[in-house]
Amino acid sequence: MMLSTATLYALCGAAMIGIGVYGFIVRAHLLRRVLAFNVIGSGVFLFLGALGYRAPQAGADPVPHALIITGIVVALSLTALAVALVLKHAEEAGRAVLPEEDREET
Amino acid sequence: MTAAFVFDAMLCLLLVGTAVSAVAGRDLFASIAFFVTYGILIGLAWLRLGAVDVALAEAAIGAGLTGVLLIGAWSMLQRRCGDGGNDPAMPVLPKLAAAAVSVTVTGMLALAVLALPVGAPGLVPLVTENLSESGVGNPVTAVLLNFRAYDTLMESIVLLIALVAVWALTPKELWGGVPGLRQHARPDGVLATFGRLLPPLGLVVAVYVVWAGSEMPGGAFQAGTILAAVWLLVVMAGIAEEPRMSSRLLRLALVVGPAVFLGVGLVGAAFGSFLGLPVDFAKALILAIEFALTFSIAVTLALLVAGTPREGT
Amino acid sequence: MGALLTLPLLELTVGLPLAATLLAIVSGRFSSGLVLGIGPAMLALAVLLCLAVGSHGPLEVAVGGWAVPLGIALGADGLSAVFVMTGAIIMPAVALFARRAFGSDPAETTQSFTFWPLFFAMWAALNAIFVGRDLFNFYVALELLTLTAVAMVAYGGTAAALRYMIFALMGSLAYMTGVALLYASAATLDIGLLSEAIEPDRAVVLAGGLMTAGLLAKTALFPLHAWLPPAHGNAPAPASALLSALVVKASFFIIVRIWFHVMPDAQSPWLVQTLGLLGACAVIYGSLLAIRQGRLKLVIAYSTVAQIGYLFFIFPLADGSAFALPWAAGAWTGGIFHALSHAFAKAALFLAAGLIIEALGHDRIADMKGIARALPMTMAAFGLAALSIMGLPPSGGFMAKYLMLTSALAGGQIFYALVMIAGGLLAVIYLFRPLNAAFAGSHVPEIAPVPKARQTIPLALALIATIIGLASSIPYQFLQIGLPEVLEGGTE
């Protein structure tokens with residue numbers, strides 16, 4: 001059986017979600033967490049969008065596209081606030097890491 | 001195996017590779033660079049999935065603006081805190097646990113994907129059937145500005161509130177000041193020439209992207225990002241300064257888009273349906289909403305990138 | 001009464017606070033006065049909505065005239081109406097209280113400008129969830145809610161806000177992944193259509209699990225609670241009141257919508273017992289930590305961790321495999337009752353604590369001896385609200401726990417009955433400490449003056465928490481309107 005385009009990209013989205021989740025847990029540096037959040041976010045969107053392309057002869061489903069565009073803007077809004085918080089925290093604490101996670105540096 | 005499949009498979013491998021590099025890399029700046037690359041590659045994937053509108057949004061916002069935000073934060077961390085982005089070490093056991101979680105998530109999602117029915121057309125038939133009454137020819141714009149306009153209205157407020165939330169972090173003594181750091185570019189440099197040349201060009205492109213968005217891919221969020229990018233360049237070139245956050249005019253500029261949108265919605269409610277657009281006026285109303293939104297989105301995005309006011313370094 | 005249905009009530013419960021958000025951004029110094037107009041209007045809307053639902057049953061409208069699944073519907077059943085009403089009382093009360101901190105400076109400050117747009121946007125997001133019918137729109141509303149809540153937490157501390165944000169970000173991604181799976185399964189996002197279209201297959205169960213996990217992080221159910229105490233305990237008092245009373249309830253509300261309206265068939269014994277056990281851990285762990293806190297606001301914040309636990313008892317008590325049993329509806333109604341009375345009581349506690357901080361300049365329990373004599377009205381409010389949290393009669397908290405306890409005993413679920421009794425006893429202990437300190441000694445401590453008018457606000461909220469218990473039949477009957485179908489067999 002050959003994978004359809006939709007399935008291939010949906011699986012790719014699932015892989016990107018997993019990669020992002022790993023980074024989000026393992027990397028304590030807050031800017032890296034924000035980055036991992038965005039990796040997961042695009043993975044989720046790719047997952048949703050690819051699943052909307054399971055009937056290519058009918059055309060791509062525009063509803064998930066609209067949801068994704070909305071989602072991208074929402075993710076940017078969250079990222080902007082997160083980045084601002086990270087910077088403020090770093091100015092107060094000297095480092096962009098939460099105190100309870102501040103172990104030895106690599 | 002067709003050429004198209006080979007291309008798709010290669011692209012997916014590249015996506016996974018850049019994602020791993022972005023997440024696992026040691027150097028923070030390199031990670032961010034990989035992330036931006038990853039964003040551009042996803043744009044390609046969107047083209048393969050027949051989603052030109054999403055490709056535009058992903059490239060402009062997902063990769064572009066998010067990249068600008070991350071790079072800005074990286075340079076600020078380095079300059080002001082000497083924080084180069086190094087991580088505290090994590091012991092091996094929790095790392096393995098995290099890897100297990102990650103593999104489980106991906107595995108379960110993959111199994112679910114393979115269990116889903118193939119050939120499902122989603123809402124394609126319903127959208128096609130109602131497109132002629134939406135006032136626009138681009139189905140994605142029809143969904144965003146008409147069928148699911150309620151989502152989009154709320155989304156425009158989300159963006160605006162993100163800015164208010166960022167402003168809420170302003171230190172007391174700096175309230176009302178100029179957002180971001182002062183720029184020190186020479187007004188006669190290359191950047192300045194560029195910065196003078198770009199605004200009229202950017203404006204034309206943005207107006208076109210909104211206008212085209214009714215029939216072809218494009219729309220307010222993509223156009224707003226273009227305008228915001230132009231403005232950022234102008235500020236970086238030292239030609240103009242960010243407006244003070246206390247400026248009345250600035251605040252009006254921030255709300256005019258969502259206000260027009262909400263206003264159309266409420267007038268609709270008075271005539272029977274909240275956010276209802278009569279077929280004959282739908283196109284005109286959608287364009288009015290989109291132009292107002294583009295303007296406010298551009299201002300909001302530019303200020304989000306600038307962040308809170310800071311004292312000079 | 002038919003005329004009520006021609007009014008755009010559902011649309012305005014979201015549209016009006018959205019309009020107020022925009023006005024608050026442009027009206028500068030005057031934005032703290034906006035609530036004087038918006039508050040009564042929202043209250044009137046909530047009353048009309050309750051009347052409409054009460055006389056006509058559940059309402060539904062298609063936004064923009066586009067029917068689902070193409071468009072988005074708004075709707076209200078009894079559950080929606082009581083939550084909108086709860087918000088319509090608590091939000092203006094907190095706003096009146098907040099006008100001093102966020103509206104009395106002659107010059108604009110960071111907080112006096114930003115608080116009001118955040119406040120109104122929070123209100124809009126809450127109502128969008130309470131009258132929402134669309135799973136993706138829930139996502140947008142949840143993110144709006146998160147942005148406002150994180151920003152308010154950031155007033156009290158950046159690290160606390162960051163911790164909250166980390167949980168909230170993961171939560172929204174998990175929720176969104178679930179939404180993607182459901183759309184891929186059924187090509188609709190509407191609650192009603194989904195409930196008809198889906199079977200509890202692999203994708204649907206995974207979607208339910210992901211959405212629930214995400215929402216649990218935002219509700220702060222044990223063990224995802226770590227962010228809550230520093231966030232709620234260090235924010236300014238009005239913000240703490242909103243966060244504990246309403247914000248955590250919004251994500252719980254969506255959990256109820258998912259498991260009782262969208263996919264009741266997917267409730268497995270494994271799921272209901274897991275949620276119930278996590279709830280039990282929350283009750284015991286949160287209460288024990290509340291006992292150990294030295295600061296009043298942290299006691300109240302840990303109490304929220306504990307009280308959230310009770311909400312999840314509705315899953316094992318309404319037992320997914322035996323919905324039609326007579327006590328299932330009682331357990332469900334009891335859980336919702338708990339959410340409502342906790343909202344009023346917790347808002348009263350946080351506002352009372354805020355007044356004590358204004359009077360003393362701190363909230364160290366050990367150093368507030370005799371404060372009851374200096375602030376008798378505030379301590380009366382605190383005591384009354386505390387009764388409801390402890391679950392003692394005649395409060396709303398008592399009614400809620402009574403309903404849940406009877407269904408636990410009727411269903412033979414002794415474990416949950418014991419946890420509820422233990423939780424009540426522990427609440428007596430952790431709330432007795434501040435009460436004891438407040439009445440200790442015989443002198444009247446020196447305090448900064450606190451106007452009587454502001455002291456009436458927590459008192460009024462605490463009284464409402466009590467009245468819910470005394471006049472419980474009204475909200476009880478109301479909650480049966482549009483009761484989840486699966487529970488209908490259970491009403492006598």
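**Entry 1: K297(C)**

I started at K297(C), which sits in helix 12 (residues 296-311) of chain C. The model is predicted, and I read every value below as computed from it. I asked whether K297(C) is buried or exposed. K297(C) has 23 other C-beta atoms within 10 Å, and the cut-off for buried is 20 or more, so K297(C) counts as buried.

Next I looked up what K297(C) touches, leaving out residues up to four places away in sequence. The list is G233(C), S240(C), A353(C) and D363(C). I also took the distance from K297(C) to V486(C): the two are 189 residues apart in sequence and 40 Å apart in space, C-alpha to C-alpha.

**Entry 2: chain C as a whole**

I then turned to the chain that holds this lysine. I counted 20 helices and two strands in the secondary structure of chain C. The radius of gyration of chain C is 21 Å, and the globule rule gives 23 Å for 492 residues; the two values are close, so I noted chain C as being as compact as a globular protein of that length. Along the principal axes, the C-alpha atoms of chain C fill a box of roughly 65 × 55 × 45 Å.

I checked burial over the chain, and 66% of the 492 residues of chain C count as buried. For contacts in chain C with a separation of 6 or more, I found that 79% are between residues 24 or more positions apart.

**Entry 3: the nonpolar core**

Which residues have the most contacts inside the largest nonpolar core? I found V150(C) and A348(C), in a core of 384 residues. Helix 14 (residues 326-360) of chain C gives this core its largest share, 22 residues.

I followed V150(C) further. Setting aside residues up to four places away in sequence, V150(C) touches A161(C), Y164(C), M165(C) and A168(C) in chain C, and also L81(A) and A165(B).

**Entry 4: chain C against chain B**

I moved on to the contact between chain C and chain B, where 45 residues of chain C meet 48 residues of chain B. On the chain C side, I listed the elements that give two or more residues: helix 1 (9-26), helix 4 (110-130), helix 5 (135-154), helix 6 (158-186) and helix 8 (202-219). Helix 5 of chain C gives the most, with eleven residues. I sorted the chain C side by class and got 29 nonpolar, eleven polar and five charged residues.

**Entry 5: chain A against chain B**

For the contact of chain A with chain B, I noted 77 residues from chain A and 84 residues from chain B. Which elements give two or more residues to the side of chain A that touches chain B? They are helix 1 (5-26), helix 2 (30-51) and helix 3 (62-93) of chain A. Helix 3 of chain A has the largest share, 23 residues. By class, I recorded 47 nonpolar, 18 polar and twelve charged residues on the chain A side.

**Entry 6: domains of chain B**

Last, I looked up the domain assignment of chain B, which gives domain 1 (1-120) and domain 2 (139-313). Taken over C-alpha atoms, the centres of these two domains of chain B are 27 Å apart. Their contact takes 13 residues from domain 1 of chain B and eleven residues from domain 2 of chain B. On the domain 1 side I recorded eight nonpolar, two polar and three charged residues.

Conventions. Residues are numbered from 1 along each chain as its sequence is written. Chains are lettered from A and ligands numbered from 1 in the order in which they are written. This is a predicted model: local features need pLDDT of at least 70, side-chain atom pairs count only at pLDDT 80 or more; totals for chains, interfaces and linings use all residues. Helices (H or I, at least four residues) and strands (E, at least two) are DSSP runs, numbered from the N terminus. The radius of gyration is taken over C-alpha atoms; the globule rule is 2.2 Å times the number of residues to the power 0.38. A residue is buried if 20 or more other C-beta atoms lie within 10 Å of its own, exposed if 12 or fewer, and partly exposed in between; C-beta atoms are placed from the backbone. Two residues are in contact if their C-beta atoms, placed from the backbone, lie within 7 Å. Domain bounds come from an automatic or database domain assignment. Ala, Val, Leu, Ile, Met, Phe, Trp, Tyr, Cys and Pro count as nonpolar, Asp, Glu, Lys and Arg as charged, and the others, Gly among them, as polar. A nonpolar core is a set of buried Ala, Val, Leu, Ile, Met, Phe, Trp, Tyr and Cys residues joined through C-beta atoms within 7 Å.
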